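The following exercises are meant to be worked through with the coordinates open, and each task is followed by a solution that goes step by step.

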Amino acid sequence: MARLKNLGVTTTGVNPPPTCLLCEMEIPYVHDSGIAGCPTWDRTPESDQLLKCQWRGYWRSRLKHVMVPSIQIEEACFGDMPRLWSCFCRAIIKESDTKYHLTGINMLQERSSEPYHLPKDPTIARIGGRKNARYDNATFIEFYAAKMKRQPSQYKGQRLGFIIHAHCWILFGRALGAMPTEIKLAKFIQSSRNHWRKENLHGLTDHNINWVKPNQALSEREHSCDIYQNPLVIPALQEVITRANTGHSIFPCFSKLPIDITVLISEWVCPADYTLDDVANMRNMLFTFQWNLPDWFWRRRLQEDLFFELDILRKSSSPVNWQGLRLDLMSLVSDRTWYTTRGLANRERILRNVAAIGRGAGMS
Ligand SMILES: [Zn+2]
């Protein structure tokens, strides 16, 4: 049983399970079946093998700690283990009431009574290493998980940190149009604590994760979506955005038709409450007639705030096929099974917290 150094009192039941400040998820164990698919304690051979293959250039079998630049974790797609992102965390460490700093990334394996360990350098991520390797003080920082409300008396004199997913941290910045280095940490923490004092930070879990394989969709869920799906890196979304950037804009051929007539016909083919079939019919019609519809027509059908990726396209100097892109996005959104199980509904859920915390921090 771990003991707090100065006071000689036990921390059991005091250090809360690691919970992400933005998505509210209790950070899962890597050995959970739906995460890395192997019900054994500690890291799984499967997840280590995946990470080893992905970062072959960095992996040396005798290394105590395998470190990669943190951006490689933030941008990674974890292939057959799409939920593995949810094990990678950072923390915002409290130095004083007005001074905080961001750590690097690690997978948190400790629980309840043990302090957590993360790399000190925010540009570094630990992705593996020798089993039971010790965390040295020069490279890693040790801390207890801060509570949203009043800190327990046992924490007096101890280092505290606020845990956050590596990916949720990037999502927060991208959704609010800020570089992570521009975010004022003290304001962010103050706003997060205010938000979670009102909403209660529950530490969301979904036990259905125990009955599926890592790349298998959850057919039954405790929440409105699969909360373990990556809200930042969504491969199908990246594909349609890449396609739009290499496509061509549509130029009107049947310009003799007044715009209100083309809109009237389009609204009939694809109403605001559309289905996947409506989107397919709309695509065929626009391909045939090459109409350009006004932006407001699309905005009534697509919640574009959900796609921070569009900002990059808006600033791009190369031509963008906006209509084709919006139709592709509408296809993704109207496929409810895909939407709820592949990350986009999880992004929508998290963005509600992002907006509230960002507002409180004076960022939106
Ligand atoms: Zn999160």
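A residue counts as buried when its relative accessible area is under 20%, as exposed when it is over 50%, and as partly exposed in between. The model used here is a predicted one.

**Exercise 1. Determine which residues of helix H4 are buried, and what covers them.**

Step 1. Applying the cut-off to helix H4, which spans residues 166–175, one finds that 8 of its 10 residues are buried, so the helix is largely enclosed by the rest of the structure.

Step 2. The buried residues are Ala 166, His 167, Cys 168, Trp 169, Ile 170, Leu 171, Phe 172 and Gly 173.

Step 3. The elements that cover these buried residues include helix H3 (70–74), helix H5 (185–199) and helix H13 (344–360), together with the strands E2 (88–96), E3 (99–102) and E8 (160–165).

Step 4. After H4 comes Gly 177, with a positive phi near 65°, while Leu 176 lies in the loop between H4 and H5. Once neighbours within four places in sequence are set aside, Leu 176 is in contact with Val 354, Gly 358, Met 363 and Ser 364. The C-alpha atoms of Leu 176 and Asp 305 are 10.0 Å apart, although 129 residues separate the two in sequence.

**Exercise 2. Describe the coordination of the zinc ion, its geometry and the sequence spacing of its donor residues.**

Step 1. The donors are the SG atoms of Cys 20, Cys 23 and Cys 168 and the ND1 atom of His 165, at 2.1 to 2.4 Å from the zinc ion.

Step 2. The angles among the 4 donor atoms run from 95 to 117°, and the site is tetrahedral.

Step 3. Along the sequence, the donor residues follow the pattern C-x2-C-x141-H-x2-C.

Step 4. Two of the donor residues can be checked for burial: Cys 20 counts as buried because its relative accessibility is 0%, and Cys 23 is likewise buried, with a relative accessible area of 0%.

**Exercise 3. Decide how many disulfides the structure holds, and explain why Cys 89 forms no bond with Cys 20.**

Step 1. The criterion is a pair of cysteine sulfur atoms within 2.5 Å, and a search of the whole structure finds 0 disulfides.

Step 2. Cys 53 illustrates this result, as the nearest cysteine sulfur, that of Cys 77, is 14 Å away. Cys 53 is partly exposed, since its relative accessible area is 39%.

Step 3. For Cys 89, the closest cysteine sulfur is in Cys 20, at 7.2 Å, and this is too far for a bond. Cys 89 is buried, with a relative accessible area of 0%.

**Exercise 4. Characterise the packing of helices H7 and H8.**

Step 1. Helix H7 (residues 259–269) and helix H8 (residues 276–289) pack at an angle of about 150°, and their axes are 9 Å apart.

Step 2. H7 contributes Ile 265, Ser 266 and Val 269 to the contact, and H8 contributes Asp 278, Asn 281, Met 282 and Met 285.

Step 3. Sorted by character, the residues of this contact are 4 nonpolar, 2 polar and 1 charged.

**Exercise 5. Compare the settings of Glu 24 and Gln 290, each of which has a positive phi without being a glycine.**

Step 1. Most residues other than glycine have a negative phi.

Step 2. Glu 24 has a phi of about 75° and is found in the segment before helix H1 (33–36). Glu 24 counts as buried because its relative accessibility is 11%.

Step 3. Gln 290 has a phi of about 55° and is placed in the loop between H8 and helix H9 (295–299). With a relative accessibility of 24%, Gln 290 counts as partly exposed.

Notes:
Residues numbered from 1 in each chain as written. Predicted model: local features only at pLDDT ≥ 70, side-chain atom pairs only at ≥ 80, totals over all residues. Heavy atoms only, no water. Axes fitted to C-alpha atoms, helices over the stretch in contact; angles between N-to-C directions. Helix = DSSP H or I, 4+ residues; strand = E, 2+ residues; numbered from the N terminus. Contact = heavy atoms within 4.5 Å. Nonpolar A, V, L, I, M, F, W, Y, C, P; charged D, E, K, R; others polar. Donors = N, O, S within 2.8 Å, 3.2 Å for Na, K, Ca; no water. Tetrahedral: all angles 85-135°; square planar, octahedral: opposite > 155°, others 65-115°. Buried < 20%, exposed > 50% of the residue type's maximum accessible area, 1.4 Å probe, protein only.
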